[in-house]
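Me: Could you walk me through this structure, one feature at a time?

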Amino acid sequence: MKILGIDYGEARIGVAVSDALGILANPLDTICEKDRKLQLEKTVAVARLHGVEKVVVGNPKRMDGTVGHRAQYTQDFASELSEMLGIECVMWDERLSSTEAHRILESGGVSGKKRKTKVDKIAAVIILQGYLDANR
């Protein structure tokens, strides 16, 4: 089963997809869009293009585990996406995924400007891979 991984942001959405066996997460793209309706439309198009059967959305909880404004906004996005696609959207703890993505890109020698364009899809890979590993 192919699964889509999402690192949701109000301006950029990192997207990753699993292989058909649900073992390995691969980076896809970064959707650069601020309009919520267009974010949803573009995400739906990517999901349908790759034939995914489930979506994992990074849940940006606070470090103490509580849900703030950003997490609620993300959960609303996931709910709308689930309804549009007709498939399950699972919320997955994403705390420190962007920090880890920056560290990975920096250790790989990716410069600051190039890093900004890649960090969201790498964060989506980290989120999705965490989900895949936990659910094997």
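**Reading the fold**

Reply: Happy to, and let us start with the hairpin of E2 and E3: 6 residues lie between its strands, and glycine 22 there takes a positive phi near 70°. Strands (E, at least two residues) and helices (H or I, at least four) are DSSP runs numbered from the N terminus. This is a predicted model, in which local features need pLDDT of at least 70 and side-chain atom pairs count only at pLDDT 80 or more, while totals for chains, interfaces and linings use all residues. Residues are numbered from 1 along each chain as its sequence is written, and side-chain values use heavy atoms, with hydrogens and water left out.

Me: How many bridges join E2 to E3?

Reply: Two strands pair if DSSP finds at least two bridges between them. Here E2 and E3 run antiparallel and are joined by 7 bridges. Isoleucine 13 stands opposite isoleucine 31 in E3.

Me: Where is leucine 24, and is leucine 24 buried or exposed?

Reply: Buried means under 20% relative accessible area, exposed over 50%, and partly exposed in between (1.4 Å probe, protein chains only). Leucine 24 sits in the loop between strand E2 (12-18) and strand E3 (25-32). With a relative accessible area of 45%, leucine 24 is partly exposed.

Me: Which strands are at the edges of the sheet?

Reply: Begin with the order: 5 strands form an open sheet, E3-E2-E1-E4-E5, with mixed pairing. E3 and strand E5 (88-93) are the edge strands, each pairing on one side only. On average, neighbouring strands of this sheet are turned by 25° against each other, direction ignored. For such angles, axes are lines fitted to C-alpha atoms, for helices over the stretch in contact, and the angles run from 0 to 180 degrees between N-to-C directions.

Me: In what sense do E4 and E5 pair?

Reply: Strand E4 (residues 54-59) pairs with E5 in the parallel sense, over 6 bridges. Lysine 54 has glutamate 88 in E5 as its bridge partner.

Me: What does helix H1 touch?

Reply: Contact means heavy atoms within 4.5 Å. Helix H1 (residues 36-49) packs on the sheet and touches strand E1 (3-8), E2 and E3, and its direction makes about 155° with that of E1.

Me: And the overall layout?

Reply: The protein has 4 helices and 5 strands, and from the N terminus on its elements run β-β-β-α-β-α-β-α-α. Of its 136 residues, 44% count as buried. Among contacts between residues at least 6 apart in sequence, 65% join residues at least 24 apart.
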